[in-house]
Amino acid sequence: MDRMADQSETLGAKIVTGVHINSVEITNKYFHIKTNTQLYRGRTVVLATGSTYRLLNVPGESELIGSGIHFCATCDGAFYRGKDVIVVGGGNSALEEAMFLAGFCNKVTILSKSETFSATKTYVDKLDSYKNIEVHINVDVIQFNSNDSNQFESVRIREKTQNEERIIKADGVFIFIGLSPNTKSFKSLIDLSDSGHIITTGLNQTSHPGIFAAGDCRFGAIAQVAAATGEGVVASYGVRQYLTEKKHQEPELET
Ligand SMILES: Cc1cc2nc3c(=O)[nH]c(=O)nc-3n(C[C@H](O)[C@H](O)[C@H](O)COP(=O)(O)OP(=O)(O)OC[C@H]3O[C@@H](n4cnc5c(N)ncnc54)[C@H](O)[C@@H]3O)c2cc1C
């Protein structure tokens, strides 16, 4: 990554870290990017603010992220080969990741807050063929517990039908309850999907000419590094095409 940063700086890019974009505003032919530190001005903008994994916001969760609590089975699942894991969630991602983990973990316990899975029928039907997957529906996760080494040890759940609490032990937990795109600051400016992702057309152009989007914040993104990087390249072609159109070439002077 350092080498890629060096290369882009060699070609004229300026990289500024540690700034938070609060808003993007438009005057004449410029975009004004307001951050916590200063104002930046550009003739085009590429939004690549990514997304944030949704949390359960229960006690013990934030302390154990990375110490037994994970959000990506393909990334961190290998740590749990032959071990017992818990999957929280009932949608397509949760079931897909649970079946992936069941391929090499000893036991996978799925905890779903609803009485029925929101995943498609194909995924739900496939679950039956996994003898090492145990399912608990209609349960709330209410607390994550750690051991003396501050590693995840167990989860406290409430079975909603009986209103009873119980503890389930495991070696690790994978939470798949969705992703929230980091797009709140842009919702008055460009079209977002119901899920808050940025809607784009060809060359990753948003609903506002001159603003482009790339990566996990974009509707339809597949949330993988290689794809996000490629989307940046696509957006750069969009920027080039936009800037070469005559009407965007000579911005009016501003005071
Ligand atoms: C735990 C974990 C493990 C993963 N493992 C893998 C893996 O093994 N392989 C794989 O291919 N993918 C993996 N992914 C997915 C991968 O990280 C993403 O698909 C990829 O990083 C998306 O790139 P992006 O540039 O769109 O967003 P991000 O990498 O999320 O970058 C967005 C950036 O924008 C910044 N930002 C957000 N809002 C603002 C704002 N208002 N102002 C300024 N800056 C802002 C953020 O701080 C962040 O630096 C993993 C993700 C997670 C969370």
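This is a short chat about the fold, the sheets and the ligand site of a predicted model.

Me: Before we start, what kind of model is this, and from where are residues numbered?
Reply: The model is predicted, so local features need pLDDT of at least 70 and side-chain atom pairs count only at pLDDT 80 or more, while totals for chains, interfaces and linings use all residues. Residues are numbered from 1 along each chain as its sequence is written, and side-chain values use heavy atoms, with hydrogens and water left out.

Me: Thanks! How many helices and strands does the chain have?
Reply: The chain has 6 helices and 15 strands. These are DSSP runs numbered from the N terminus: helices are H or I with at least four residues, strands are E with at least two.

Me: What does the C-alpha trace span?
Reply: About 70 × 40 × 35 Å along its principal axes. Of the 255 residues, 38% count as buried; buried means under 20% relative accessible area, exposed over 50%, and partly exposed in between, with a 1.4 Å probe and protein chains only.

Me: Which domains does the assignment give?
Reply: Domain 1 covers 2–52 + 180–248 and domain 2 covers 61–175. Such bounds come from an automatic or database domain assignment. The two centres, taken over C-alpha atoms, are 35 Å apart.

Me: Switching to helix α1, is it in the open or buried?
Reply: Largely in the open, because the number buried among its 9 residues (2–10) is 0. Just after α1, glycine 12 has a positive phi of about 110 degrees.

Me: Now the sheets. What is the order in the one with 3 strands?
Reply: That open sheet runs β1-β2-β3 with antiparallel pairing; two strands pair if DSSP finds at least two bridges between them. β1 (21–27) and β3 (39–42) are at the edges with a single partner strand each, so one side of each has no neighbour in the sheet. From one strand to the next, the twist averages 20 degrees, using axes that are lines fitted to C-alpha atoms (for helices, over the stretch in contact) and angles from 0 to 180 degrees between N-to-C directions.

Me: And how many bridges join β2 to β3?
Reply: There are 4 bridges between β2 (residues 30–35) and β3. Isoleucine 33 has tyrosine 40 in β3 as its bridge partner.

Me: What about the sheet with 5 strands?
Reply: This open sheet has the order β6-β13-β7-β8-β9, and the pairing is parallel. Its edges are β6 (69–70) and β9 (133–136), each with a single partner strand, so one side of each is left without a neighbour in the sheet. Strands β7 (84–88) and β8 (107–111) are joined by 5 bridges, with aspartate 84 opposite lysine 107 in β8.

Me: Nice. Which residues are closest to the ligand?
Reply: Ile21, Tyr53, Cys75, Asp216 and Val225 are the closest of the 15 residues that surround the ligand, where near means a heavy atom within 4 Å.

Me: Where do backbone atoms come in?
Reply: A polar backbone atom of isoleucine 21 is 2.7 Å from a ligand nitrogen, and one of aspartate 216 is 2.8 Å from a ligand oxygen. For alanine 223, a backbone N or O atom is 3.4 Å from an oxygen of the ligand.

Me: Last one: is serine 193 buried or exposed?
Reply: Serine 193 counts as buried because its relative accessibility is 12%. This serine is in the loop between β14 (179–181) and β15 (211–213).

Me: What does the side chain of serine 193 make a polar contact with?
Reply: The side chain of serine 195, at 2.7 Å. A polar contact is a pair of N or O atoms within 3.5 Å; within protein, one must be able to donate a hydrogen and the other to accept it, and residues adjacent in sequence count only if both atoms are side-chain atoms.
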